[in-house]
Amino acid sequence: MSLESTGLRESKKRETRQLISDHATRLFMAQGFESTTIAEIAAAARVAKKTVTNYFPRKEDMALDHQDAFVASLAEAVAARAAGESALGALRRTFEAGVAAQDPVIGFAGPDFSRMIHESPTLSACLRTLHDRREGALAAALAEATGSSPGDVTVRTAAALLAAVHRVLFHRIQELTLAGRANDEIAAVVADEAADAFGLLEPALGHYAVA
């Protein structure tokens, strides 16, 4: 098989996966995650039910299809910190950029999507698991940055504190979104609150994991 045909097949797979995810998310937002069936998603996407489950073994993965980017986000910020920059500094800078860009990864998902998660016990539980996984990935990045064991209590404590700030701010963005606030207004509020939240960690972590 030629490289060109392999590339076309992979492109077709990505398109099909995105098509299924888009139709599934639209249905989830319209009628609720728990109320939507695989058969309805397959019909909307004009594919077989088996195709849906082949691409998405878990129903919730169709709604939360950018999980890898979310889980890796904090670890990647630490790995990409500038010379002389601490892990806290890199995470704070990256979060501030996300607020300015109103990035969905930090919580700017829009009212319909936010409501879909809020009203679904399954998706809410999945989101909590993703936050936990993101903290674990951050701990691994901090361990590498400091030459420590991933199980080191200092590493785990630092990861827990840094991840907690992001978790709180994520839920704050969701809370304001569900209250009907516009993204520009949310960004202004959260920018100020983030400064306070990250500032609380400065005395303890301001000089931790400096590149």
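This passage walks through the fold, the nonpolar cores and several individual residues of a predicted model.

The overall architecture is a good place to start. The chain holds ten helices and zero strands, so a reader following the predicted model from the N terminus meets an element order of α-α-α-α-α-α-α-α-α-α. Along the principal axes, the C-alpha atoms occupy a box of roughly 55 × 50 × 30 Å. Of the 211 residues in the chain, 39% count as buried. Among contacts with a separation of 6 or more, 70% are between residues 24 or more positions apart.

Two annotated regions come from the UniProt record, an unreviewed entry. The annotation "domain: HTH tetR-type" in that unreviewed entry spans residues 14-74. Within residues 14-74, helix accounts for 74% of the chain and strand for 0%, and the C-alpha atoms at the two ends are 25 Å apart. The annotation "DNA-binding region", also from an unreviewed entry, covers residues 37-56. That span is 75% helix and 0% strand, with its end C-alpha atoms lying 13 Å apart. Helix α2 comprises residues 38-45, and Ala39 is one of its residues. Ala39 has a relative accessible area of 37% and is therefore partly exposed. From the C-alpha atom of Ala39 to that of Ala109, 70 residues away along the chain, the separation is 26 Å.

Attention now turns to the interior. The largest nonpolar core contains 35 residues, of which Phe95, Leu138, Leu142, Leu162 and Val190 touch the most other members. Two or more residues are given to this core by each of α5 (67-79), α6 (87-101), α8 (121-146), α9 and α10 (183-205). Helix α9 gives the most, with nine residues. A second, separate core has 23 residues, including Ile20, Leu27, Ala45 and Ile117.

Leu142 shows what the surroundings of one such well-connected core member look like. Once neighbours within four places in sequence are set aside, Leu142 is in contact with Val78, Ala87, Val155, Ala158, Ala159, Leu162, Tyr208 and Ala209. One of these partners, Ala209, lies in the segment after α10. The relative accessibility of Ala209 is 6%, so this residue counts as buried. Ala209 also has a positive phi of about 55° although it is not a glycine. Most residues other than glycine have a negative phi. Gln102 likewise combines a non-glycine side chain with a positive phi, here near 50°. Gln102 is placed in the loop between α6 and α7, and its 21% relative accessibility makes it partly exposed. The cut-off helps here: buried means under 20% relative accessible area, so the 21% of Gln102 falls outside that class.

Helix α9 offers two further residues worth a visit. Leu169 belongs to this helix, and it counts as buried because its relative accessibility is 3%. Not counting residues up to four places away in sequence, Leu169 touches Phe95, Val190, Glu193, Ala194 and Phe198. Two of these partners, Phe95 and Val190, are named among the core residues that touch the most other members. The C-alpha atoms of Leu169 and Ala209 are 22 Å apart, with these positions 40 residues apart along the chain.

Thr177 also lies in α9, which covers residues 153-178. With 4% relative accessibility, Thr177 counts as buried. Its side chain reaches the backbone oxygen of Ile173 at 2.7 Å. Beyond its neighbours within four places in sequence, Thr177 is in contact with Gly110, Pro111, Ser114 and Ile186.

Pro111 and Ser114 lead on to helix α7, which spans residues 111-118. The axes of α7 and α8 come within 6 Å and cross at roughly 95°, so α7 is roughly perpendicular to α8. On the α7 side the contact is made by Met116, Ile117 and His118, and on the α8 side by Leu123, Ser124 and Leu127. Ile117 is also included in the second core of 23 residues.

Conventions: Residues are numbered from 1 along each chain as its sequence is written. This is a predicted model: local features need pLDDT of at least 70, side-chain atom pairs count only at pLDDT 80 or more; totals for chains, interfaces and linings use all residues. Side-chain values use heavy atoms; hydrogens and water are left out. Helices (H or I, at least four residues) and strands (E, at least two) are DSSP runs, numbered from the N terminus. Buried means under 20% relative accessible area, exposed over 50%, partly exposed in between (1.4 Å probe, protein chains only). A polar contact is a pair of N or O atoms within 3.5 Å; within protein, one must be able to donate a hydrogen and the other to accept it, and residues adjacent in sequence count only if both atoms are side-chain atoms. Contact means heavy atoms within 4.5 Å. A nonpolar core is a set of buried Ala, Val, Leu, Ile, Met, Phe, Trp, Tyr and Cys residues joined through side-chain atoms within 4.5 Å. UniProt positions are given in the numbering used here, feature names are shortened, and annotations may be inferred rather than shown by experiment. Axes are lines fitted to C-alpha atoms, for helices over the stretch in contact, and angles run from 0 to 180 degrees between N-to-C directions. Angles under 35 degrees count as roughly parallel, over 145 as roughly antiparallel, 65 to 115 as roughly perpendicular and the rest as oblique.
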